[in-house]
Amino acid sequence: MELIAFYIFAAIITVSAMAVIAARNPVHSVLWLILCFFTAAGLLVLIGAEFLAMLLVVVYVGAVAVLFLFVVMMLDVDFVELKQGTLQYWPFAGLVGLAFIAEIAIASFARESSGRDVFNPAPGAATNAEAIGAVMYTDYFLLFQLAGLILLVAMIGAIVLTLRHRPDIKRQNIARQTARRRADATSRVSVEPGKGL
Amino acid sequence: MSGLIEQNGLLGGWLMVIGQMLLFTIVLLLSLAFLLLMDRKVWAAVMMRKGPNVVGPFGLLQSFADFGKFLLKEIIIPAGANKTVFLLAPILTLTLAFAAWAAIPVAPGWVISDLNVGILYLFAVSSLGVYGIIMGGWASNSKYPFLGSLRSAAQMVSYEVSIGLIIITVILLAGSMNLSDIVNNQKGGFWTWHALSFNHILLFPVMLAMFVMFFVSALAETNRPPFDLPEAESELVAGYQVEYSSTPYLLFMIGEYLNIVLMCAMMTILFLGGWHGPVPLGADFVNQFPVWMVNLGHLAWFMAKIVFFFFLFALTKAVVPRYRYDQLMRLGWKIFLPTALGAVVLVGGYVVYSGVQV
């Protein structure tokens with residue numbers, strides 16, 4: 001049962017990953033990529049790492065891929081023109097692909113020979129989430145904090161790079177608006193007839 | 001689900017699982033028909049109109065008449081549309097809206113899949129709902145749908161952040177991500193409900209604020225007024241739905257309303273004690289009755305709370321004017337996000353130093 005599910009998921013991942021590259025329309029590419037992410041989450045559920053699976057869906061599918069789609073939809077690029085020169089990069093792309101395949105092969109052979117083929121998604125804890133938390137906030141506490149710090153710096157950097165204050169547009173100051181009273185804005189003037197203000 | 005298969009054998013177990021799903025779906029769709037009518041009736045009552053009152057007594061069958069009408073109309077696909085994605089979008093919306101309900105516990109033990117990470121599952125599936133809208137808006141190949149889908153993408157991603165942080169405060173209080181555990185953490189009566197949490201009196205203002213913020217974020221997340229900018233009819237005609245007609249439109253609408261009811265159910269589970277009544281009746285009294293009867297009582301409470309929240313949604317739609325887009329973003333990022341972050345720190349500190357949870 002598990003094996004059947006695995007092969008179904010694996011087949012979907014492979015096909016959708018190919019389709020990401022093969023699709024002519026970039027929006028279709030992103031949609032295939034989303035299917036690929038989602039199926040990967042299914043694989044994680046299959047090995048019992050349901051917490052990781054949900055995080056993958058929330059972060060990658062729910063947020064990152066939405067922004068991908070957002071950007072790709074807004075871009076107005078002539079993709080026929082863009083794709084014309086693609087073929088000349090074939091040797092380089094092939095080399096990268098070969099390197100990937102070789103790495104995966106080495107890793108899986110090493111794993112086979114080490115004999116540790118029983119996978120435990122939640123070692124020493126009741127659930128996957130507890131196991132991750134127990135490791136992340138004790139053994140790898142410093143690395144975890146560092147990663148958070150790097151992300152914070154990256155976020156601030158992105159804001160600094162893109163934020164520009166334009167003095168020529170009107171902005172709303174909500175505090176000033178709500179603090180405004182009738183006396184600040186109006187005044188009563190008694191006008192004598194025939195004189196005006 | 002796996003428990004059922006172990007108890008009843010492979011074939012019987014699978015039949016039981018499929019039966020459960022069918023029952024759940026049918027009950028959900030039937031109640032949705034009447035909730036839709038309620039939405040329109042409340043709206044009409046606020047405007048001192050009668051609302052739908054022609055089909056059946058008090059217009060009770062109006063939704064079914066609408067259903068038939070939608071099914072019988074012609075499906076129009078715009079010439080420039082991307083046909084596959086155009087038709088995929090409403091199907092995706094509806095499927096995801098249904099999929100989320102698999103993890104909702106309606107009474108003790110009455111749940112299709114009692115996931116350990118139930119609340120994360122709900123969060124994940126509801127965050128996928130934005131795809132239906134983006135795909136629909138893009139595939140229509142038309143200005144208004146595209147603008148509507150861009151708006152809704154930004155809006156839903158923004159408010160997911162605050163919803164996620166609010167959910168974290170509840171997870172901290174309950175000490176579990178399992179929805180049944182979260183409900184059972186509030187079983188002592190209305191003073192232990194997370195929205196009030198009188199048993200942790202220091203947290204009372206924090207959790208009440210979180211409850212209100214969750215309600216407002218749920219309005220934004222489901223594109224309901226006053227945050228219905230993706231389909232603001234005065235600016236974008238009907239937003240991402242402009243080019244949809246007939247059954248695809250019906251699927252979009254059912255999906256949208258299912259998401260609204262799902263948000264009501266989430267608020268019930270997270271903040272209002274789920275299936276528990278406001279006053280505990282005591283084990284002696286409850287044990288006199290057979291289990292199924294007790295569970296039906298629990299189910300009644302659960303549904304009553306959902307209907308209450310749906311009433312609030314309908315009322316909000318009727319009485320609150322629409323936000324401007326920059327105001328919406330300001331509310332989400334500058335007010336809700338910092339407040340929810342502060343609340344996570346407060347609740348976390350309280351949980352650690354008062355010894356509520358291990």
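This tour proceeds from the interface of chains A and B to an enclosed cavity and then to a salt bridge. The model is predicted.

**First selection: the interface**

Begin by displaying chain A and chain B together and selecting the residues in contact. Chain B contributes 28 residues to this contact and chain A contributes 24 residues. The two chains bury about 2,100 Å² between them, and carbon and sulfur atoms give 80% of that area. On the chain B side, select B:Y131, B:W138 and B:L150, the residues that lose the most area to chain A; together they make up 25% of what that side buries.

Next, colour chain B by secondary structure. Three elements each give two or more residues to the side that touches chain A: α4 (118–139), α5 (143–174) and α12 (325–354) of chain B. Of these, α4(B) provides the largest share, with 11 residues. Colouring the same side by residue class shows 19 nonpolar, 5 polar and 4 charged residues.

Which specific interactions cross the interface of chain B and chain A? The rule finds 3 residue pairs in polar contact, with both residues of each pair at pLDDT 80 or more. Salt bridges across this interface number 0.

**Second selection: the cavity**

Now turn to the interior. The count comes to 1 cavity of 30 Å³ or more, and the volume of the largest cavity is about 170 Å³. To find it, select B:G129, B:M156, B:E221, B:T222 and B:N259, which lie nearest its centre among the 16 residues of the lining.

Then show the helices around it. In chain B, α3 (83–100), α4 and α9 (246–271) each supply at least two residues of the lining of the largest cavity. Helix α4 of chain B should already be familiar, as it is also among the elements that give two or more residues to the side touching chain A. By class, the cavity lining holds 8 nonpolar, 6 polar and 2 charged residues.

**Third selection: a salt bridge**

Over all chains, the rule counts 6 salt bridges. For one of them, select B:R224 and B:D39 and display their side chains: the closest N and O atoms of this salt bridge are 3.2 Å apart. Why does this pair merit a view of the whole chain, with parts 185 residues apart in sequence? B:R224 lies in the loop between α7 (204–221) and α8 (233–236) of chain B, whereas B:D39 belongs to helix α1 (residues 2–46) of chain B, so the pair ties together those distant parts of the sequence.

Definitions and conventions:
Residues are numbered from 1 along each chain as its sequence is written. Chains are lettered from A and ligands numbered from 1 in the order in which they are written. This is a predicted model: local features need pLDDT of at least 70, side-chain atom pairs count only at pLDDT 80 or more; totals for chains, interfaces and linings use all residues. Side-chain values use heavy atoms; hydrogens and water are left out. Contact means heavy atoms within 4.5 Å. Buried area is the accessible area (1.4 Å probe) that two parts lose on being put together, summed over both. A salt bridge is a side-chain nitrogen of Lys or Arg within 4 Å of a carboxyl oxygen of Asp or Glu. A polar contact is a pair of N or O atoms within 3.5 Å; within protein, one must be able to donate a hydrogen and the other to accept it, and residues adjacent in sequence count only if both atoms are side-chain atoms. Helices (H or I, at least four residues) and strands (E, at least two) are DSSP runs, numbered from the N terminus. Ala, Val, Leu, Ile, Met, Phe, Trp, Tyr, Cys and Pro count as nonpolar, Asp, Glu, Lys and Arg as charged, and the others, Gly among them, as polar. On a 1 Å grid over the protein atoms alone, a cavity is a set of points where a 1.4 Å probe fits but cannot get out, and a pocket is an open set with protein on both sides within 12 Å along at least five of seven lines; lining residues have an atom within 4 Å of a point. Grid points are joined across faces, edges and corners, and a volume is the space filled by probe spheres set on the points.
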